[in-house]
Amino acid sequence: LVVPDRIRFIRGDVEKLNDALAKANLATDNLFDVCVSNGAFCLVPDKQKAFENVFKALRPGGRMAISTTTVSDPKQLDPSFEWPVCVKMFANLDELQAMCEGIGFKNVQILDAESPLEGMELPADDEVVDGSDSSDKRFKIHGKYSDQYEFLQNMDMDELCKVVTVYGEKP
């Protein structure tokens, strides 16, 4: 695989993007034309700071497309339950657009990926995955490993959570 000199892959924490860029001997501002994240952004603890760092690193006219899992309505997170840390870290869907616009992004769009969360389930231990329809043998991941998350077994995770792509442009 030949990668042109103008393409670089940088590994680092988006909340500490300046550190990753400095380690790669790159400028920290106005550097990228495009920022893409597919699936990892939902586990970033400080979404505001992460989006600010993406904005700062984009050149004027640069674009972002961040796919992330969100909570549709945080009021549905009953405080009497101990929610999995991943769910607690998901962004509030209703706050994403205002957050990105407040940072300075223009033409912000929150696009529903229409991606069902049931696809994140794993086969049960006794299930052989052979392409046959075995949906009746599926289980919810958290419920299998901990009685603590048993309450998730019958929840409609597609109603509680939405996978979206956050699109925005730096003016």
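The exercises below work through strand β2 and several side-chain pairs of a predicted model.

Residues are numbered from 1 along each chain as its sequence is written. In this predicted model, local features need pLDDT of at least 70, side-chain atom pairs count only at pLDDT 80 or more, totals for chains, interfaces and linings use all residues, and side-chain values use heavy atoms, with hydrogens and water left out.

**Exercise 1. Pairing of β1 and β2**

Task: State how many bridges join β1 to β2 and whether the strands run parallel or antiparallel.

Solution:
- Helices (H or I, at least four residues) and strands (E, at least two) are DSSP runs, numbered from the N terminus.
- Two strands pair if DSSP finds at least two bridges between them. Here β1 and β2 are joined by six bridges and run parallel.
- Val36 has Ala65, in β2, as its bridge partner.
- Between the strands the chain passes through α2, and this β-α-β crossover is right-handed. The criterion is that, with the strands pointing away from the viewer, the path from the first strand over the helix to the second runs clockwise.

**Exercise 2. Three residues of β2**

Task: Classify Ile66, Thr69 and Pro60 as buried, partly exposed or exposed, and list their contacts.

Solution:
- Apply the accessibility classes: buried is under 20% relative accessible area, exposed is over 50%, and partly exposed lies in between (1.4 Å probe, protein chains only).
- Ile66 belongs to β2, which covers residues 58-71. Its relative accessibility is 0%, so Ile66 is buried.
- Contact means heavy atoms within 4.5 Å. Not counting residues up to four places away in sequence, Ile66 touches Cys35, Ser37, Phe41, Phe51, Val164, Thr165 and Val166. For one of these, Ser37, the C-alpha separation from Ile66 is 4.8 Å, at 29 residues along the chain.
- Thr69 is also in strand β2. A relative accessible area of 8% makes Thr69 buried. With neighbours within four places in sequence set aside, the contacts of Thr69 are Cys42, Phe90, Ala91, Cys161, Lys162 and Val163.
- Pro60, in strand β2, has 57% relative accessibility and therefore counts as exposed. Leaving aside neighbours within four places in sequence, Pro60 is in contact with Asn30, Lys170 and Pro171. The C-alpha atoms of Pro60 and Lys170 are 5.3 Å apart, although their positions lie 110 residues apart in sequence.

**Exercise 3. Salt bridges**

Task: Find how many salt bridges the structure holds, and describe each pair.

Solution:
- The criterion is a side-chain nitrogen of Lys or Arg within 4 Å of a carboxyl oxygen of Asp or Glu. The structure holds three such bridges.
- Lys56 and Asp29 meet at 3.6 Å, N to O. Lys56 sits in helix α2 (residues 47-57) and Asp29 in the loop between α1 (17-23) and β1 (32-38), 27 residues apart. Lys56 is partly exposed at 32%, and Asp29 is partly exposed at 36%.
- Arg59 and Asp33 have their closest N and O atoms 3.2 Å apart. Because Arg59 is in strand β2 and Asp33 in strand β1, this pair ties together parts that are 26 residues apart in sequence. Arg59 is partly exposed at 36%, as is Asp33 at 45%.
- Glu82 and Lys88 meet at 2.7 Å, N to O. Glu82 is partly exposed at 40%, and Lys88 is partly exposed at 48%.

**Exercise 4. Cysteine sulfurs**

Task: Count the disulfides and find the cysteine sulfur nearest to that of Cys42.

Solution:
- With a disulfide taken as a pair of cysteine sulfur atoms within 2.5 Å, the count is zero.
- For Cys42, which is in no disulfide, the nearest cysteine sulfur is that of Cys86, 7.7 Å away.
- Cys42 is buried, with a relative accessible area of 8%.

**Exercise 5. Aromatic pairs**

Task: Count the aromatic pairs and give the geometry of the two pairs that involve Phe151 with Phe81 and with Trp83.

Solution:
- Rings of Phe, Tyr and Trp (its six-membered ring) pair if their centres lie within 6.5 Å; planes under 30 degrees apart count as stacked, over 60 as edge-to-face and the rest as tilted. The count comes to five aromatic pairs.
- Phe81 and Phe151 have ring centres 4.1 Å apart and planes at 5°, so the pair is stacked. Phe81 is in the loop between β2 and α3 (85-89) and Phe151 in the loop between α5 (141-145) and α6 (157-160), so the pair ties together parts 70 residues apart in sequence.
- Phe81 is partly exposed at 36%, whereas Phe151 is buried at 16%.
- Trp83 and Phe151 are edge-to-face, with 4.9 Å centre to centre and 85° between the planes. Trp83 lies in the loop between β2 and α3, 68 residues from Phe151. Both Trp83 and Phe151 are buried.
- Ring pairs thus link Phe81, Trp83 and Phe151 into a cluster.
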